[in-house]
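Here's a quick walk through the model on screen. We'll go from secondary structure to domains, then to the core, a helix pair and a few single residues.

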Amino acid sequence: MVQTADIKIKKTSVSRAGSIDFTKVTFGSVFSDHMYIADYLNGEWTDARIVPYGNLPMSPALAALHYGQAIFEGMKAYRAVDNEVYLSRPHDNFRRFNMSADRMCMPLLPEEVFIGGLFNLINLDRNWVPPSMVGYSLYIRPVMFSSDNIIGVRPSATYRFVILTCPVGSYYNKPLRVKIETDYSRAAHGGAGFVKAAGNYGAAMKPTKDAHDAGYDQIIWTDSAQHKYIEEAGTMNLMFVLRNKLITAPLDTKTILPGITRESILTIAGDNKIPAEERMITVDEIIDGAKKGELQEAFGTGTAATIARIKTIGYNGKDYELPPVESGKISKKIYQVLSDIRRRKMKDPYGWMVKV
Ligand SMILES: Cc1ncc(COP(=O)(O)O)c(C=O)c1O
């Protein structure tokens, strides 16, 4: 079993960090100097190591490519105003990763393999965490995939876990136009919609491209049985402010990802006297609210974007315009609190930020 002290480290001879202009990188395109790898062999996690970032050798029979046992996480490290580096809620990502592993019949990761590797990697590549500016951070991508080289539908006996990181700025830099999807579905009852399985994203690409081609930035998924209830967006949970109340879809349908940003926002709302409700939301009430001017705000929430404000909702071939996003007091207030906690501009009353 891997202990934190067992992690072997092979450093790159020359760091690329100094040559990067953090304000100019395209999201997810520039990778830091190192990556962390651990392998699952003979029923245990072994050979945890940090090595220079680079390609991995692969057989064309790699099971993950054929049968889709692949899961991932998305998390961030922030530079605080005092220049220290902090991870945001890393244990929550760790727990969700293992929930995904369980659903996809993959081995769970012990805490020392996931958290131990993560802290060692971020510590080594701390120069890759952008300066303390609103919207900038180091995006962290843990991924696990089945690595047997055998054709045959069954759980793999071997797996590989990798963490790679990339410095990022804002994911969306303009208010979004979104389309309520009433034909395709993302997740059905009993499916894998509540976990971060790679296949969920693969299956969403065609509907999302169709929406892009029609002039929208993102899709709003609805329930697969009736297309009557709002679920979530492509890579974000959704929140609405309807008649001064913050509302978001519940988790118990097990068809949406239990977003960590969603949970942080609900907590902040509760502590700032913003009325909030987790409940089934019908498409009709959102469209009705938009028509009557009672839908004051709509936004996506997620690690990549934090809060992505929505300006237009398309439904059944018609576009509904929301009030100007600048007037969105609730999303503005929550974004400010979340951003100040992450950069340690204000006290973190929840213990979310963990120093590296
Ligand atoms: C489908 C989906 N929903 C919601 C989220 C938001 O989750 P989180 O706030 O944990 O990033 C994500 C991003 O990970 C996602 O991919």
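Helices here are DSSP runs of H or I with at least four residues, numbered from the N terminus. With that in hand, Asn123 is easy to place: it's found in helix 3. Keep in mind that what you're looking at is a predicted model.

**Two domains and where they meet**

The domain assignment splits the chain into domain 1 (4-169) and domain 2 (176-342). Their C-alpha centres sit 27 Å apart. Where they touch, domain 1 puts in 19 residues and domain 2 puts in 12 residues.

Which parts of domain 1 face domain 2? Strand 4 (70-72), strand 5 (75-79) and helix 2 (90-103) each supply at least two residues to that side. Helix 2 has the largest share there, with six residues. Chemically, the side of domain 1 that touches domain 2 is a mix: eight nonpolar, five polar and six charged residues.

**The core**

Nonpolar side chains tend to be buried together in soluble globular proteins. In this model, the largest nonpolar core has 81 residues, and Ile71 and Phe240 touch the most other members. Helix 3 (residues 111-124) gives the most to this core, namely five residues. The core also draws on both halves of the chain, with at least three residues from each of domain 1 (4-169) and domain 2 (176-342).

Which residues does Phe240 touch, leaving aside those up to four places away in sequence? They are Ile247, Ile281, Ile286, Leu295, Glu297 and Ala298.

**A helix pair**

To describe two packed helices, you give the angle between their axes and the distance between the axes. For helix 5 (residues 260-271) and helix 7 (residues 329-342), the angle is about 110 degrees and the axes are 10 Å apart. Angles of 65 to 115 degrees count as roughly perpendicular, so helix 5 is roughly perpendicular to helix 7. Helix 5 makes the contact through Ser264, Ile265, Ile268 and Ala269, while helix 7 uses Ile334, Val337 and Leu338. Sorted by type, the contact residues of helix 5 with helix 7 are six nonpolar, one polar and no charged.

**Four residues to click on**

Here's how exposed a few individual residues come out.

| Residue | Other C-beta atoms within 10 Å | Status |
|---|---|---|
| Asn83 | 10 | exposed |
| Asn123 | 12 | exposed |
| Ile150 | 14 | partly exposed |
| Lys254 | 16 | partly exposed |

Take Asn83, in the loop between strand 5 and strand 6 (85-88). Its phi is near 80 degrees, a positive value in a residue other than glycine. Lys254 also isn't a glycine, and has a positive phi of about 60 degrees. You'll find Lys254 in the loop between strand 13 (245-248) and helix 5.

Ile150 lies in the loop between strand 7 (137-146) and strand 8 (159-168). What does Ile150 touch, not counting residues up to four places away in sequence? Ala61 and Ala63. Ile150 and His66 are 84 residues apart in sequence, yet 9.8 Å apart in space, C-alpha to C-alpha.

And back to Asn123, where we started: Asn123 and Met106 are 17 residues apart in sequence, and 28 Å separates them in space, C-alpha to C-alpha.

Conventions
Residues numbered from 1 in each chain as written. Predicted model: local features only at pLDDT ≥ 70, side-chain atom pairs only at ≥ 80, totals over all residues. Core = buried A, V, L, I, M, F, W, Y, C linked by C-beta atoms within 7 Å. Buried ≥ 20, exposed ≤ 12 C-beta atoms within 10 Å, placed from the backbone. Domains from an automatic or database assignment. Contact = placed C-beta atoms within 7 Å. Axes fitted to C-alpha atoms, helices over the stretch in contact; angles between N-to-C directions. Parallel < 35°, antiparallel > 145°, perpendicular 65-115°, else oblique. Nonpolar A, V, L, I, M, F, W, Y, C, P; charged D, E, K, R; others polar.
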